[in-house]
Amino acid sequence: MRIISGTHKGKRISAPKKLPVRPTTDMAKEALFNILNNRYYFDELTVVDLFSGTGNISYEFASRGTKNISAVDADYGCVKFINDTSDTLEMGIAAFKSDVFTYLEKSREKATIIFADPPYDLPIESFEKIPQKVFENGLLLDNGLLIIEHSSHMDLSHLEHFVEKRKYGGSIFSFFAWPEPVTL
């Protein structure tokens, strides 16, 4: 995986093979950040990266100037890798070992961007629970976006707060926001 833009542009990061991850492809990540770049100033964002895995998405935000990033993953190896990489690159990412659904229940941290990349083999009910918990617990700021990456074989457009989806290869980004219309 590589960092696409910002202070660490072009930096390649190699995660240990033993981590249970499926990183977002560079093509999909670049497309996503082009959308976000047209909507936000990265240095003003608060970001929560759920099911953060290798930290791929967190590193991209940090490289582009985001200072307040929380990465949440249930795997100790993933959290250690993110902490080590963040320290080495002086990114300041706060990585937490937690079950994501427990985190969504207990957290009171509000974010501008909440990105979730659950394992594609989770049941659809688990995917549906993410926006439910985010909005029920008021974890998204008024101008914020919840972005869920999922397989192109899944459709989340029936869920409350759904705004739109974008397809990149075998992956889809589904966007959720508070009722105020959002143009991407």
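Q: What volume does the largest cavity have in this predicted model?
A: In this predicted model, the largest cavity has a volume of about 40 Å³, and a search of the whole structure for cavities of 30 Å³ or more finds 1.

Q: What makes this space a cavity rather than a pocket?
A: The term cavity is kept for points where a 1.4 Å probe fits but cannot get out, whereas a pocket is an open set; the space of about 40 Å³ is listed as a cavity, so its points are of the kind from which the probe cannot get out.

Q: Which residues line the largest cavity, and how do they divide by type?
A: The lining is made up of Val-48, Leu-50, Tyr-103, Leu-104, Ser-107, Glu-109, Ala-111, Ile-114 and Leu-139, which divide into 7 nonpolar, 1 polar and 1 charged. Strand E1 (46–50), helix H4 (100–106) and strand E4 (111–116) each supply at least two of these lining residues.

Q: Why is Ser-52 called buried?
A: Ser-52 has a relative accessible area of 8%, and buried means under 20%, so Ser-52 meets the cut-off. This serine lies in the loop between E1 and helix H2 (56–63), and, leaving aside neighbours within four places in sequence, Ser-52 is in contact with Ala-71, Val-72, Asp-73 and Ile-82.

Q: Which members of the largest nonpolar core touch the most other members, and which elements supply the core?
A: Of its 35 residues, Leu-36, Phe-61, Ile-113 and Ile-147 touch the most other members. Helix H1 (26–37), H2, strand E2 (68–73), helix H3 (76–88), E4, strand E5 (140–151) and strand E7 (171–176) each supply at least two residues of this core, with H1 giving the most, 6 residues. Leaving aside neighbours within four places in sequence, Phe-61 is in contact with Phe-33, Leu-36, Phe-42, Leu-45, Val-47, Thr-66, Ile-69 and Ile-113.

Q: How do you know that Phe-51 is buried?
A: Phe-51 belongs, with Val-48, Phe-135 and Phe-176 among others, to a second, separate core of 23 residues; a nonpolar core is by definition a set of buried residues, so Phe-51 must be buried.

Q: How much space lies in the largest pocket, and which residues are closest to its centre?
A: About 390 Å³ of space lies in the largest pocket, and of the 24 residues that line this pocket, the closest to its centre are Pro-20, Phe-51, Gly-53, Asp-73 and Asp-117. The elements that give two or more residues to the lining are H2, E2 and H4, and the lining residues divide into 13 nonpolar, 5 polar and 6 charged.

Technical notes. Residues are numbered from 1 along each chain as its sequence is written. This is a predicted model: local features need pLDDT of at least 70, side-chain atom pairs count only at pLDDT 80 or more; totals for chains, interfaces and linings use all residues. Side-chain values use heavy atoms; hydrogens and water are left out. On a 1 Å grid over the protein atoms alone, a cavity is a set of points where a 1.4 Å probe fits but cannot get out, and a pocket is an open set with protein on both sides within 12 Å along at least five of seven lines; lining residues have an atom within 4 Å of a point. Grid points are joined across faces, edges and corners, and a volume is the space filled by probe spheres set on the points. Helices (H or I, at least four residues) and strands (E, at least two) are DSSP runs, numbered from the N terminus. Ala, Val, Leu, Ile, Met, Phe, Trp, Tyr, Cys and Pro count as nonpolar, Asp, Glu, Lys and Arg as charged, and the others, Gly among them, as polar. Buried means under 20% relative accessible area, exposed over 50%, partly exposed in between (1.4 Å probe, protein chains only). Contact means heavy atoms within 4.5 Å. A nonpolar core is a set of buried Ala, Val, Leu, Ile, Met, Phe, Trp, Tyr and Cys residues joined through side-chain atoms within 4.5 Å.
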